[in-house]
Amino acid sequence: MRGRLADSVDYLGASTGEAIGVDRGDVARLTARLRAERQTPHAFGAYYDLVIAIERDDRDEARRLFDELLGQAPSRGLTIASIEDRPQHELERYRRMFLDEPGLAAEPGPALLDDCHKRIAAAFALLDAGFPQLAAEIRELLVEIIVAAGPEDPKALTFDGASHYMLWGATLLNARGQTNILDTAQALAHESGHNLLFGHCAAGPLADNAEDELFASPLRADPRPMDGIIHATYVIARMHQTLNRLLAAGVLDAGQTAAARADLAAHERNFGAGDRVVREGARLTELGDQLLSGARAYMATAVAA
Amino acid sequence: MTKRPLSSQLDWNNLLGFDQITGDRDTIRTEITGRLGAKVGNKVGNKVGAKIGAKIGAKAGIKA
């Protein structure tokens, strides 16, 4: 992904840098850095905003975004922070890109944020104990976990978590969306799964279905394009695998074990529903077929066991 | 003298995330250049994301 980002920025510099007033040497130094060091989600976010600014012919904004890219510090590892704990332009980008309704992601109060921090730490500890390979993979995939507070109204539109390919490495978690450690562990498996697929999708789409072809989703009430169904089906298998491994490792207490068994049954049903939609309607690419085949093989083995 | 629009100098085939849009680039370009503000990014995100399996899958956790 960083290589593709660097190639794209290199191309932007060569094709429009002079018109924007960007120095070729600066672009070369930037792309070398992008290739060499782990980047924050805002390196990707600023790049996408830059392309959009260029498309709008907004040269001042394009120059500002190039400067933002030039000033990006590399990632120093996974961080966890509340949504408003960052510069204004990064906050605006997160709210705009993560959610269709930016107002959904409010700043959590200190107690809510502290609880969420503790749950995330405990979820990682649980995964370290019972499924260390996944814990390590999540730490590789995620650069930042952003904590926000969804609406308190139980009837309001809300979210559990969100990821966006324009912010590769970032995941937004609703501090009110998970109330226990096991759910948080599943949310981390789920959202990092989306980021994993985003990385794969840099090489090509998962399916050739048109974006206006909509299908029933195993996780959402509203019909979604096939890419969304494939994503959902894949991450359901990932959550199932997480619970299965935690149960097998014997690291769950009695309450967590009962909850995990109930969730496993739900994941099996949801995976079946999603996979039926995929089998009936998807025109999978080779990449999509390869990824789904792995998930199907896992589910078939796990359910038979 | 008029400046050549920057957008005319971009080939999306060379751009991560935009390179998989095949059918309606002109329409999307019109939407980008015809609207202002934060919603522009959302629009492109929807278009691009729907195509490459990002935006939609990204929000699988949202309850409707």
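**Exercise 1. Determine how far helix 10 of chain A reaches and how this compares with the expected span.**

*Solution.* Helix 10 of chain A covers residues 254–281, which makes 28 residues. At 1.5 Å a residue, a span of 40 Å is expected. In this predicted model, the distance from the first C-alpha of helix 10 to its last is 41 Å, close to that expectation.

**Exercise 2. Identify which residues of helix 10 of chain A are buried, and state which elements they pack against.**

*Solution.* Step one is to apply the cut-off: a residue is buried if 20 or more other C-beta atoms lie within 10 Å of its own. In helix 10 of chain A, the buried residues are A:Ala260, A:His267, A:Phe271, A:Gly274, A:Asp275, A:Val277 and A:Val278. Step two is to find their partners. These buried residues pack against three helices of chain A, namely helix 8 (181–201), helix 9 (226–249) and helix 11 (286–304), and against strand 6 (214–215) of chain A.

**Exercise 3. Classify A:Ala273 as buried, partly exposed or exposed, and give its distance in space from A:Pro218.**

*Solution.* A:Ala273 belongs to helix 10 of chain A. Within 10 Å there are 18 other C-beta atoms. A buried residue needs 20 or more, and an exposed one has 12 or fewer; A:Ala273 is therefore partly exposed. Although 55 residues separate A:Ala273 from A:Pro218 in sequence, their C-alpha atoms are 5.8 Å apart.

**Exercise 4. Assess how compact chain A is for its length.**

*Solution.* Begin with the content of the fold: chain A has 11 helices and 7 strands. Its radius of gyration is 20 Å, whereas the globule rule gives 19 Å for 305 residues; the two values are close, so chain A is as compact as a globular protein of that length. Along the principal axes, its C-alpha atoms fill a box of roughly 60 × 45 × 40 Å. Next consider burial: 51% of the 305 residues count as buried. Finally, of the contacts in chain A with a separation of 6 or more, 73% join residues 24 or more positions apart.

**Exercise 5. Describe how domain 1 and domain 2 of chain A meet.**

*Solution.* Chain A is divided into domain 1 (2–70) and domain 2 (79–304). Their C-alpha centres lie 29 Å apart. Across the boundary, 9 residues of domain 1 are in contact with 11 residues of domain 2. Helix 3 (residues 41–55) of chain A supplies the largest share of the domain 1 side, 6 residues. By character, the residues on that side divide into 3 nonpolar, 3 polar and 3 charged.

Terms used
Residues are numbered from 1 along each chain as its sequence is written. Chains are lettered from A and ligands numbered from 1 in the order in which they are written. This is a predicted model: local features need pLDDT of at least 70, side-chain atom pairs count only at pLDDT 80 or more; totals for chains, interfaces and linings use all residues. Helices (H or I, at least four residues) and strands (E, at least two) are DSSP runs, numbered from the N terminus. The expected span of a helix is 1.5 Å times one less than its number of residues. Two residues are in contact if their C-beta atoms, placed from the backbone, lie within 7 Å. The radius of gyration is taken over C-alpha atoms; the globule rule is 2.2 Å times the number of residues to the power 0.38. Domain bounds come from an automatic or database domain assignment. Ala, Val, Leu, Ile, Met, Phe, Trp, Tyr, Cys and Pro count as nonpolar, Asp, Glu, Lys and Arg as charged, and the others, Gly among them, as polar.
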